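The following exercises concern pockets, burial and backbone geometry in a single protein chain. Please attempt each task with the model in view before reading its solution.

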Amino acid sequence: MTFDAFHAYHRKLWMRYAHTQVGSRASAETVVDATCARLKRTWPHVLIQESVPQYAWQVLKEEVHRWLTARSLEPQVGDAAFLTAVQKLLLHEMRDELRVISQEIGLYNAISTLPERQYDVVMLRFVLGMEEPEVAEYLGIDVATVRSHIRHARRSLAKQLNMHHKETN
């Protein structure tokens, strides 16, 4: 696998993720470019990892964190697109729009408290729209583990937001 092919396949998703975290397309470009430079510089090392996508995902997250820390910022995920996507995760059963709007304010705070793996699964599956097998590949875990993280995240978010949660299969 060449770096160029890997990069071409993953860049769009990386850009979408970085944009949700840093708040602008230009800043996302900076972060993704730094990620790509780091991966390309160490490509032989990257290729010997158990899961190349998982390793690259970790590098991307580290570069996002580095960018945010350098600017004393928190992730900028609270935009309308994020909230709409996350509603698919938890709020899809709710009919009362005023209740949904009041819940949105605390939603990102609740998501940001999830354990790292649950947070990653929520971001990839519901914010970035990946299918469960793709999420599993990206994170180097089984599809069943992705589903388990989703179940646990739903329960945790429902509890934090004082919402009724009905298990669905």
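**Exercise 1.** Determine in which helix glutamine 21 is found, and decide whether glutamine 21 is buried or exposed.

*Solution.* Step 1. In this predicted model, glutamine 21 belongs to helix H1. Step 2. The relative accessible area of glutamine 21 is 3%. Step 3. The cut-off for a buried residue is under 20% relative accessible area. Glutamine 21 is therefore classed as buried. Step 4. The side chain of glutamine 21 also makes a polar contact of 3.4 Å with the side chain of threonine 20.

**Exercise 2.** Describe the largest pocket: its volume, the residues nearest its centre, and the elements that give two or more residues to its lining.

*Solution.* Step 1. The space in the largest pocket amounts to about 270 Å³. Step 2. Its lining comprises 14 residues, and those nearest the centre are Gln21, Lys61, His65, Leu68 and Pro75. Step 3. Two or more lining residues come from each of helix H1 (3-22), helix H4 (52-70) and helix H7 (116-127). Step 4. H4 contributes the most, with 6 residues. Step 5. By chemical class, the lining consists of 6 nonpolar, 3 polar and 5 charged residues.

**Exercise 3.** Carry out the corresponding analysis for the second largest pocket, giving its volume, its lining residues and the element that gives the most to the lining.

*Solution.* Step 1. The volume of the second largest pocket is about 210 Å³. Step 2. The residues that line it are Tyr9, His10, Lys12, Leu13, Arg16, Leu128, Met130, Glu134, Glu137 and Tyr138. Step 3. The elements supplying two or more of these residues are H1 and helix H8 (132-139). Step 4. H1 gives the most, with 5 residues. Step 5. The lining divides into 5 nonpolar residues, 1 polar residue and 4 charged residues.

**Exercise 4.** Locate serine 72, state what is notable about its phi angle, and decide whether serine 72 is buried or exposed.

*Solution.* Step 1. Serine 72 lies in the loop that runs between H4 and helix H5 (80-90). Step 2. The phi angle of serine 72 is near 55°, a positive value in a residue that is not glycine. Step 3. The relative accessibility of serine 72 is 69%. Step 4. The cut-off for an exposed residue is over 50%. Serine 72 therefore counts as exposed.

Note on methods:
Residues are numbered from 1 along each chain as its sequence is written. This is a predicted model: local features need pLDDT of at least 70, side-chain atom pairs count only at pLDDT 80 or more; totals for chains, interfaces and linings use all residues. Side-chain values use heavy atoms; hydrogens and water are left out. On a 1 Å grid over the protein atoms alone, a cavity is a set of points where a 1.4 Å probe fits but cannot get out, and a pocket is an open set with protein on both sides within 12 Å along at least five of seven lines; lining residues have an atom within 4 Å of a point. Grid points are joined across faces, edges and corners, and a volume is the space filled by probe spheres set on the points. Helices (H or I, at least four residues) and strands (E, at least two) are DSSP runs, numbered from the N terminus. Ala, Val, Leu, Ile, Met, Phe, Trp, Tyr, Cys and Pro count as nonpolar, Asp, Glu, Lys and Arg as charged, and the others, Gly among them, as polar. Buried means under 20% relative accessible area, exposed over 50%, partly exposed in between (1.4 Å probe, protein chains only). A polar contact is a pair of N or O atoms within 3.5 Å; within protein, one must be able to donate a hydrogen and the other to accept it, and residues adjacent in sequence count only if both atoms are side-chain atoms.
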